[in-house]
Amino acid sequence: MEKILDIVDAIANEKGLKPEKVTEALKDAFVQTAKRVINPKFAFEAVINNQTKTIDIIQTITVVANNDERLQDPEVAPAYISIKEARGYDDQVELDDQLQIPHELEEYGRTAASQLHREIEYHIQRLVEDEVFNKYKSKIGTLVTGRVTRVDHQNATYIEIDEIRAVLPMKNRIKGEVFKVGDHLKAVVRRVDMNKENGIQIELSRTSPKFLEELLALEVPEIADGTVIIEKSARIPGERAKIALISTHSQVDAVGATVGVKGVRINAVSQELFGENIDCIEYTTIPELFISRIMSPAIISAVEIERDENGVAQKAIITLPSDQKSKAIGKNGINIRLASMLSGMNIELVENDAKAPKRAEMQEPREQKEGVDALKALFS
């Protein structure tokens, strides 16, 4: 234990810890050792001795009267000392003073040395675990990349990320995905837990909307630098997703920037998501207009928003031509489910008897009229 403070910097460098935290861990180790080898009921304090580069153990004890009843109680007696006995240490001591009595762990031989060694190992390990835990706790919802080290009988995939191993449960995998040992994959940190039995446990996900958002930020510079903001996102993993985008710059088209030239950016994200189709929608704060956009590819006639007594939108009643209902619902109800998730409202479809005009039919009469008007102007 001679010059034990000399090992602080060595431990800090080896474990990637701050020296002051290592010092506190060593002090805790000394206190716990003193409690185990001297008396667990004593109030000990570890004090740094910069001259000798050691840690001194000091017992703090309260001075009481010689006939104080607490001296007879075995549960609390170790925290008190009679004034008669206290004056054997310091003849100036008075009642209720805090007397500090030094202890030398060396006097307790090999027992103290081995116990101190175990305590130091334990406290340094806990310090390392706390650092790793806090590091990954702050990464919840962010993208990480790792290598697959094992796939168990329940198809849970274990991924090595830097200094720790994380797990990607089957429920958090996109349907149809298969991984094998050695594969590199991306995922977002979904949950971080720590307990005494299993240590740090990190759960990853490839099915959350946040994973889609992180992949887009990786692929689209405008999203990464904040020029384009993903206002909302919803997805049915492996099938389809909808994202609502807004541009913070008047000259940047949020949807165009995200899709990329010939769809190169959005296709790269889709490939990572096992072919998931991604609809990009321009966000608006007008709920009726937003609903009409997120119901694409269906062409709708009208939107009515029902609100509660506090004015919060609860339900959207959509009127649409009968031939657009199947498009609004989508395959297996995917389109309407995503629209409901993205808007946060229940959606009710109401058919009218009319049919939606085809886009070509809608444009042709106007084009013919413009052509006739142009000829009249030419020969007038």
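**Exercise 1. Find out in which helix Arg36 sits, and whether Arg36 is buried or exposed.**

Step 1: Arg36 is found in helix α2. Helices here are DSSP runs of H or I with at least four residues, strands are runs of E with at least two, and both are numbered from the N terminus.

Step 2: Look at the relative accessible area, which is 57% for Arg36, so this residue is exposed. (Buried means under 20%, exposed over 50%, and partly exposed in between, using a 1.4 Å probe and protein chains only.)

Step 3: Now check who touches Arg36. Skipping neighbours within four places in sequence, Arg36 is in contact with Gln115 and Glu119, where contact means heavy atoms within 4.5 Å.

Before you go on: this is a predicted model, where local features need pLDDT of at least 70, side-chain atom pairs count only at pLDDT 80 or more, and totals for chains, interfaces and linings use all residues. Residues are numbered from 1 along each chain as its sequence is written, and side-chain values use heavy atoms, with hydrogens and water left out.

**Exercise 2. Do the same for Gln32: give its helix, its relative accessible area and its contacts.**

Step 1: Gln32 has its place in helix α2.

Step 2: Its relative accessible area is 31%, so Gln32 is partly exposed.

Step 3: Leaving out neighbours within four places in sequence, Gln32 is in contact with Glu119 and His123.

Step 4: For a long-distance check, go from Gln32 to Glu304: they are 272 residues apart in sequence, and their C-alpha atoms are 68 Å apart in space.

**Exercise 3. Check whether the end C-alpha atoms of helix α2 are as far apart as they should be.**

Step 1: Helix α2 covers residues 19-37, which is 19 residues.

Step 2: The expected span is 1.5 Å times one less than the number of residues, so α2 should span 27 Å.

Step 3: The end C-alpha atoms of α2 are 27 Å apart, which agrees.

Step 4: Which residues of α2 are buried? They are Val22, Thr23, Ala25, Leu26, Lys27, Ala29, Phe30, Val31, Thr33, Ala34 and Val37. These buried residues pack against α1 (8-15), β1 (44-49), β2 (54-64) and α4 (109-137).

**Exercise 4. Describe how α2 packs against α4.**

Step 1: Two packed helices are described by the angle between their axes and the distance between the axes. Axes are lines fitted to C-alpha atoms, for helices over the stretch in contact, and angles run from 0 to 180 degrees between N-to-C directions.

Step 2: The axes of α2 and α4 come within 8 Å and cross at roughly 140°. That makes α2 oblique to α4. (Under 35 degrees is roughly parallel, over 145 roughly antiparallel, 65 to 115 roughly perpendicular, and the rest oblique.)

Step 3: The crossing of α2 past α4 is right-handed; right-handed means the near helix is turned clockwise from the far one by less than a right angle, left-handed means anticlockwise.

Step 4: Among the α2 residues that meet α4 are Gln32 and Arg36, and the α4 side includes Gln115, Glu119 and His123.

**Exercise 5. Repeat the job for α9 and α11.**

Step 1: The axes of α9 (residues 287-294) and α11 (residues 334-343) come within 10 Å and cross at roughly 150°. That makes α9 roughly antiparallel to α11.

Step 2: This crossing, too, is right-handed.

Step 3: Phe290, Ile291 and Ile294 of α9 meet Asn335, Ala339, Leu342 and Ser343 of α11.
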